[in-house]
Structure formats: structure tokens, C-alpha cells
Amino acid sequence: MHHDWIFDVLEDLRSYAVQNGLPATAAQPEEALRVARAELETGLASLRLETVRRN
């Protein structure tokens, strides 16, 4: 899947925040991971990308 890299980046950000005692910051990549997974599972990301390319 060509979107896998975003999960790695978000997980790295989350890990950094956890290791450095930044719980509120760590929560943000967690939420972004949840949203990205949901979008990709439902195919919304592909649909949005096609729409952006057309406009």
C-alpha cells in the first residue's frame, strides 16, 4: 500500500512524544493514525485524492 509511510511517520512522532513525557502531544498522532486508518479502510483517501487532482 502506498500510504504505509504515513503510519511510520505518525508512529515515530507518537513514540518521541511518549519517550519525552509529552502525553498531550502523543495523543495527536494517535488520533491522526486512527483517522488515517479509517479513511484508508473505507477508500475515502482515494476518492478525495481524485477530487483534488480534478480541481
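Guide: Let's start with a word we'll need: a helix here is a DSSP run of H or I at least four residues long, and helices are numbered from the N terminus. One more thing up front: this is a predicted model.

Visitor: What makes up the secondary structure of the protein chain?
Guide: There are three helices and zero strands. Going along the sequence, you read α-α-α.

Visitor: How do you know where the confidence is lowest and where it is highest?
Guide: We look at pLDDT, the predictor's confidence in each residue, which runs from 0 to 100. Helix α3 (residues 44-54) has the lowest mean, 65, while α1 has the highest, 95. For the whole protein chain the mean is 86, with 76% of the residues at 70 or more.

Visitor: Why is the contact between Arg 14 and Glu 11 called a salt bridge?
Guide: In general, side chains of opposite charge can pair when their charged atoms come close. The cut-off is a nitrogen of Lys or Arg within 4 Å of a carboxyl oxygen of Asp or Glu. The closest N and O atoms of Arg 14 and Glu 11 are 2.8 Å apart, so the pair passes.

Visitor: How far apart along helix α1 are those two, Arg 14 and Glu 11?
Guide: They are three residues apart, which means about one helical turn separates them.

Visitor: What makes the pair Arg 14 and Glu 30 count as a salt bridge?
Guide: Their N to O distance is 3.9 Å, and the limit is 4 Å, so this pair counts too. It links distant parts of the chain, with Arg 14 in helix α1, Glu 30 in helix α2 and their positions 16 residues apart.

Visitor: How many salt bridges does the whole structure have?
Guide: Three. The one we haven't met joins Glu 31 and Arg 34, at 2.6 Å from N to O. Both of them sit in helix α2, three residues apart, or about one turn. As for networks, Glu 11, Arg 14 and Glu 30 are joined into one by salt bridges that share partners.

Visitor: Is Glu 31 called buried, partly exposed or exposed, and what value decides that?
Guide: Its relative accessible area is 38%. Buried means under 20% and exposed means over 50%, so a value in between is called partly exposed. Arg 34, at 48%, gets the label partly exposed as well, and so does Glu 30, at 40%.

Visitor: Then which label does His 2 get?
Guide: His 2 is at 59%, so it counts as exposed. You'll find His 2 in the segment before α1. Its side chain makes a polar contact of 3.1 Å with the side chain of His 3; the limit for that is 3.5 Å, so the label fits.

Visitor: What makes Trp 5, Val 9 and Leu 13 a patch?
Guide: They form a nonpolar patch on the surface, with about 310 Å² of accessible area together. Patch residues need over 30% relative accessible area. Take Val 9, in helix α1: its value is 37%, so it is partly exposed and clears the 30% mark.

Visitor: And which residues form the largest nonpolar core?
Guide: Phe 7, Leu 10, Leu 33, Ala 36 and Leu 40. Helices α1 and α2 each supply at least two of them, and α2 gives the most, with three. Core residues have to be buried; in the protein chain, 18% of the 55 residues are.

Technical notes:
Residues are numbered from 1 along each chain as its sequence is written. This is a predicted model: local features need pLDDT of at least 70, side-chain atom pairs count only at pLDDT 80 or more; totals for chains, interfaces and linings use all residues. Side-chain values use heavy atoms; hydrogens and water are left out. Patches are made of residues with over 30% relative accessible area and no salt bridge: like charges are joined within 9 Å, nonpolar side chains (Val, Leu, Ile, Met, Phe, Trp, Tyr) within 5 Å. Accessible areas come from the Shrake-Rupley method with a 1.4 Å probe; for residues, only the protein chains shown count as cover. A salt bridge is a side-chain nitrogen of Lys or Arg within 4 Å of a carboxyl oxygen of Asp or Glu. Buried means under 20% relative accessible area, exposed over 50%, partly exposed in between (1.4 Å probe, protein chains only). A nonpolar core is a set of buried Ala, Val, Leu, Ile, Met, Phe, Trp, Tyr and Cys residues joined through side-chain atoms within 4.5 Å. A polar contact is a pair of N or O atoms within 3.5 Å; within protein, one must be able to donate a hydrogen and the other to accept it, and residues adjacent in sequence count only if both atoms are side-chain atoms.
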